[in-house]
Amino acid sequence: MAYSFPEEVLEHVFSFINSDKDRNAVSLVCKSWYEIERWCRRRIFVGNCYAVSPRIMIRRFPEVRSVELKGKPHFADFNLVPEDWGGYVYPWIAAMSRAYPWLEEIRLKRMVVTDEALELISKSFRNFKVLVLSTCEGFSTDGLAAIASNCKHLRELDLRESEVDDISGHWLSHFPDTCTSLVSLNIACLVSELSCSVLERLVARSPNLRTLRLNRAVPLEKLPNILRRAPQLVELGTGAYSTELRSDIFSNLAEAFSGCKELKGLSGFWDVVPAYLPAIYSVCAGLTSLNLSYATIQCPDLIKLVSQCHNLQRLWVLDYIEDSGLDALAASCKDLQELRVFPSDPFGAGPNVSLTEQGLVSVSEGCPKLQSVLFFCRQMTNAALVTIARNRPNLIRFRLCIIDAQAPDYLTLQPLDTGFGAIVQNCKELRRLSLSGLLTDRVFEYIGSHGKKLEMLSIAFAGDSDLGLHHVLSGCESLRKLEIRDSPFGDKALLANAAKLETMRSLWMSSCSVSFGACKLLGRKLPGLNVEVIDERGPPDLRPESSPVEKLYIYRTVAGPRFDMPGFVWRMNEDQAWRLS
Amino acid sequence: MSSEKPKVSPEFETSGMNLQETELTLGLPGESRTQKSGTKRGFSETVDLCPGSTSAGKEEQSENEISGTTKPPTAKEQKVGWPPVRAFRKNLMKNCKYVKVAVDGAPYLRKVDLEMYCSYQQLLGALEEMFTCFTIRDVLNERRLMDPLNGVEYVPTYEDKDGDWMLVGDVPWKMFVESCKRLRLMKYSEAIGFAPRTPPKCSSSGC
């Protein structure tokens, strides 16, 4: 006779288990655990909104309070996914509005969100608290007005980097005077002017406000008043950081900053007037996160700033920092974990700043905790990469973008296979890798052999043949997301490793050599995948079977075909005869 | 929107560039402009062109010259989405003005950055590249794009700040960039209601 804990006890135990992986494991122990677990799971993460349907999610997990969804493939960020591809959130909101009246949190990434969806959210969930829209689009400030008006317990409204149809700043006034629950407000992506008095009053009546990211339109002179009303702020995004040079404005600003004793993160800094930078010196010592990636501050000012931020863990900055700035960073910021260096002039013909591979090498030497790197540069060597790999075996994310596609090692003119090979070999915990520069199939051999923890790999203009892709698909055991563009990979590797695709979240291939025939074959062979061809030239079956498709997106799903495919997306899984034009 | 005629403004200093190409005038019908050949560029998608780079001038020929082949641009040809800098970041970093481009009857939209171009001719050239089935034709001094497969002509139109739909080319370039919210290549047959060169806008809700 089996003894088992009463349900309530199990539920209580399960309430301490929060990671999805653990929850999934718990649900597989036995049928009764599966049942108990599904009733008490409160948080759902759907990495691909087409991998499952709202109906399936709701059927299994009836008491969810927090949902996170991701829509478009990552390469949509770079204009590689045509408009109207998909990723519509409305069907999810509609289904959840009926099934989850107590839903509190919605987090969306790369999805199309309409004003109707926002309105429905605002009216359906009485206890709604958190809305995060990351790189979303399709809505306007009217939708935001609905959220502001109707969500009486709103804690977080975070629009990070979404594309908003910004009709006016008036929506901010829709927060009623009774709304005092705000903890986080990120409106940095909005363009319109906001009423500063409305903003100040909102801030003043939000004693729990910890994160405030203003938009560029908020003038620097108004910042002190806002800061004074929120001295408890932990994260601040300034508006434009420029105004006429006046000592009274400066001292007002400096004083206001010094009153913010909890400040750990700063961002914003559009249109910086360097003379106003010293106003933040008083908070530098406490900063753990600094986002200067919109700040056109030159190297000397950057050095002065960064040298004071001894507790910095995360720095996002433009390549104006140059090698000497990175040297200063390496010397001053021993706790640095994440560095992102963005290009100030990505489409210029040549380098406009003195930023080279040496800067990255310095940081890899000086910052023992460095684990996450995104680095845009114009030149690289195998030697530098080998040194970086040796210095920093604890790297988890390494994304290198050499701006010249297919640029070789500029000293030896060799491909960068050896360098990236060293990275995957030494950095045994590497989970994310983006390649660039001149690369042959050899680098993929290294990646397949050593990249055992690699979960996401981004490839562009690389490789010689199908062998390269084969190495990756057959060797990278943990691979979940693979995105490839403009590389000579074709049918053989895909067909030979077809089963691998069912163990991954998704595969994106554009401007490669995968034929229409192979896509059809894959689609028929693997019913657990949606094999979608994106081709703007018209129906693929008007062209020969051997003709390569423009773009291919393959993902596993339990939801079957999606019904919102636009006219330029074709699903390869079955006979297309039924498909309406 | 006013339709003042601009003086010839040297919008960029590239030598060899015939400024008259960018001039908007009430020229005589049949005045020759660039005839684009059907040849494509080396890279099939060239959306972003560097402003001020000499590649931008390559589309322009002297007024009486017919371009035989497209010359390789001297500046780097841009590949779509490379380097992988998000549009959001591009938009905030410099003057960037991304607008959506819709084509009647085509299944998809594209985006162009108007700040990348210095003239209508450049913009149309870029549209021609993007929607590779089109060629530019100039008929009666209106710029049109034509799909040679079916002979359908398209007229470039745009929605301005006020929400009105206008013919592309009616106002000085800079004014256009500032006020354009989105582009639409409208089938010529539908654009009949547009009166060229006059302020009144298309009031039909079908626009």
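This passage looks at chain B and at how it meets chain A in a predicted model.

Chain B on its own is a good place to start. It contains 3 helices and 7 strands, and reading from the N terminus the elements follow the order α-β-β-α-β-β-β-β-α-β. Of its 207 residues, 54% count as buried. Contacts in chain B also link parts that lie well apart in sequence: taking those between residues at least 6 apart, 56% join residues at least 24 apart. As for the outside, chain B has an accessible surface of about 9,400 Å², and carbon and sulfur atoms account for 54% of that.

Now for the meeting of the two chains. The size of an interface is often given as the accessible area lost when the parts come together. Here chain A and chain B bury about 3,100 Å² between them, with 60% of it on carbon and sulfur atoms. Three residues stand out on the chain A side: A:F78, A:E83 and A:F347 supply 24% of the area that chain A buries against chain B, more than any other three residues. In terms of contacts, 36 residues of chain A touch 26 residues of chain B.

Charged and polar pairings turn up across the interface too. There are 3 salt bridges between the chains, including one in which the side chains of A:E161 and B:R86 come together at 2.7 Å, N to O. Polar contacts across the interface add up to 7 residue pairs. On the side of chain A that touches chain B, β13 (314-318) and β16 (397-402) each supply at least two residues. Sorted by type, the residues of that side are 20 nonpolar, 6 polar and 10 charged.

Key:
Residues numbered from 1 in each chain as written. Chains lettered and ligands numbered in written order. Predicted model: local features only at pLDDT ≥ 70, side-chain atom pairs only at ≥ 80, totals over all residues. Heavy atoms only, no water. Contact = heavy atoms within 4.5 Å. Buried area = accessible area lost by both parts, 1.4 Å probe. Salt bridge = Lys/Arg side-chain N within 4 Å of Asp/Glu carboxyl O. Polar contact = N/O pair within 3.5 Å; in protein donor to acceptor, adjacent residues only side chain to side chain. Helix = DSSP H or I, 4+ residues; strand = E, 2+ residues; numbered from the N terminus. Nonpolar A, V, L, I, M, F, W, Y, C, P; charged D, E, K, R; others polar. Buried < 20%, exposed > 50% of the residue type's maximum accessible area, 1.4 Å probe, protein only. Areas by Shrake-Rupley, 256 points an atom, 1.4 Å probe, with all protein chains shown as cover.
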